[in-house]
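Please find below a colleague's note on aromatic contacts in the structure shown here. The points are numbered for ease of reply.

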Amino acid sequence: METHVEGKKMFLAGEWVDGKQWIDVIDPQDGSLVDRVPAASKADMEACIEAAKAGAKTAARMPVFERMQIIGKAADYIELNAELYARTISKESSKTIREARKEVGRAVETLRLSAEEARRITGETIPFDQSPSGQGRVGYYRRFPLGIIGAITPFNDPLNLVAHKIGPAIASGNAIIVKPATVTPLSALMLAEAFFHAGLPEKILSVITGRGSEIGDSLVEHPAVRMISFTGGLETGLSITRKAGLKKVGMELGSNSPVIVLDDADVEDAVASSVSGAFWAAGQNCLGVQRIYIQSSLYETFRTQFIDDTERYIIGDKQAEITDMGPLITEKEAKRIEQLVEEALAKGAVLETGGVRDGAFYSPTVLTNVPENCTLASEEIFGPVVLLYPIADLDEAIERANAVDYGLQAGIFTKNLDHAHRAIEELEVGGVMINDSSDFRIDAMPFGGVKQSGLGREGIKFAIQEMTDTKAVCFKLG
Ligand code: NAP
């Protein structure tokens with residue numbers, strides 16, 4: 001495959017640019033060097049924003065059929081080179097090759113949806129004569145691009161979460177500057193490569209590599225940037241929100257998602273789905289299952305099966321087909337998880353299985369009897385640790401599920417429609433999955449959190465709403 005990131009240049013406004021300084025991209029599995037990318041400076045960011053001002057005009061003028069063609073071609077390019085994209089994700093992040101392939105498939109779907117949604121950015125007529133002062137007038141509203149979108153993305157889905165920014169931004173006629181996570185910049189650069197090959201006019205897209213702490217403010221605070229679309233942790237999100245000033249902010253933040261298992265559930269299904277939801281991407285997943293509330297009559301059966309399935313997980317070489325779970329993104333992260341588990345055990349939690357660290361690897365871990373005063377009972381773990389709790393009934397489950405500051409998604413396993421409906425009504429989250437774990441998502445659905453889990457929604461159609469403004473038009477008739 002022809003490549004334009006050889007030498008690991010960053011993609012600034014349509015040009016492949018070297019850095020003056022470099023950042024090493026390290027494989028967390030063995031500490032080996034995967035590649036190097038430029039460490040962009042504030043001046044590079046300023047230059048990107050200047051170029052994006054022209055790019056925004058080009059993007060807004062681009063007819064919808066061209067936007068659709070370009071995004072579609074970028075999707076085709078990724079599909080054609082899918083295995084290379086998957087290997088890159090798996091090398092730079094902590095995903096296994098099977099997890100990485102799934103992410104590539106989703107990124108292709110995200111882009112195809114973006115191309116498709118471009119034709120559905122519509123308005124409505126406005127019956128102006130509903131007001132006495134509106135008599136003799138007709139009109140409508142249409143949606144217009146905001147201009148320049150600044151996108152900041154995390155490490156855990158280094159391709160598809162970037163596609164969730166670039167796809168809808170271009171579909172809706174915006175220019176976009178992406179700052180990917182410093183530990184996983186290669187997949188984002190390869191996404192830029194797909195758009196480069198697809199013929200995207202220059203200055204519409206930049207993927208600028210560099211540390212958020214150094215170049216983030218230049219993007220976030222710049223008045224020409226009309227929206228910051230952020231996916232990442234709560235602390236970074238809060239800091240960006242404080243600095244952004246008068247612009248839109250989209251905040252896709254973390255959670256510690258609950259799953260409720262009632263006594264009429266299909267236990268095998270609930271266990272399989274919750275184990276996968278807890279340990280996907282080594283638990284580094286914003287939707288990851290963290291707290292499971294199981295009705296007492298089922299608790300022992302569920303607990304035993306859950307531990308059995310967890311112990312069957314194969315941990316090891318990310319690139320091997322048989323591996324179920326790879327390492328954490330860094331050894332530092334694995335140590336953070338280890339400390340959280342130790343704190344819980346010291347406070348009386350019971351270690352049912354797991355709890356072993358080896359470098360950046362942390363074994364899939366199941367805890368019970370976790371007291372409410374430990375950090376991992378209320379905060380996001382973002383690692384392969386899951387807590388099981390017996391509950392008396394749905395009332396208790398809902399109360400405990402809601403008793404945290406987060407609210408991204410929740411799952412409930414039940415065959416009782418009334419119970420499912422109560423969960424839908426009362427769970428404080430952005431999505432309720434019935435007979436699936438909190439970890440279920442398709443890229444077309446509205447996605448985002450309530451409470452500290454975020455602001456706004458992604459999912460292509462919904463991201464396009466966020467990335468556009470309405471303009472009202474009124475004709476006074478003669
Ligand atoms: P993070 O530490 O908050 O970093 C996210 C991004 O913010 C990175 O690109 C980072 O750059 C950048 N950043 C850091 N400091 C910044 C600053 N001062 N100004 C501007 N940008 C700055 O998050 P992470 O560890 O990569 O990702 C894990 C978190 O993301 C978890 O909490 C997870 O739940 C959340 N997440 C949410 C969703 C969702 O859709 N709701 C999806 C995935 C992940 P550097 O890498 O250079 O520091």
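1. Phe279 is a buried residue, its relative accessible area being 0%. The model is a predicted one, and this value is computed from it.

2. Phe279 pairs with Tyr313 in an edge-to-face arrangement, with 5.7 Å between the ring centres and 65° between the planes. The label edge-to-face applies because the angle is over 60 degrees. Phe279 belongs to helix H9 (residues 267-279), whereas Tyr313 sits in the loop between helix H10 (296-311) and helix H11 (331-346). The two residues are 34 residues apart, and their pair links distant parts of the chain.

3. Phe279 and Tyr313 also belong to a cluster, joined through ring pairs with Phe302 and Phe306.

4. In total, nine aromatic pairs are counted in the model. One of them joins Trp16 and Phe196, which meet edge-to-face at 5.9 Å centre to centre, with their planes at 75°. Trp16 is part of strand E2 (residues 15-17) and Phe196 is part of helix H6 (residues 186-197), so this pair ties together parts lying 180 residues apart in sequence.

5. How do the two partners of that pair stand in relative accessible area, buried or partly exposed? Trp16 is buried, at 16%, because its value is under 20%. Phe196, at 32%, is partly exposed.

6. Two lysines are placed over aromatic faces. Lys471 lies over the face of Phe144, 4.1 Å from the ring centre. Lys102 lies over the face of Trp280, and here the distance from the ring centre is 5.3 Å.

Key: Residues are numbered from 1 along each chain as its sequence is written. This is a predicted model: local features need pLDDT of at least 70, side-chain atom pairs count only at pLDDT 80 or more; totals for chains, interfaces and linings use all residues. Side-chain values use heavy atoms; hydrogens and water are left out. Rings of Phe, Tyr and Trp (its six-membered ring) pair if their centres lie within 6.5 Å; planes under 30 degrees apart count as stacked, over 60 as edge-to-face and the rest as tilted. Helices (H or I, at least four residues) and strands (E, at least two) are DSSP runs, numbered from the N terminus. Buried means under 20% relative accessible area, exposed over 50%, partly exposed in between (1.4 Å probe, protein chains only). A charge sits over a ring if NZ of Lys or CZ of Arg is within 6 Å of the ring centre and within 35 degrees of the ring normal.
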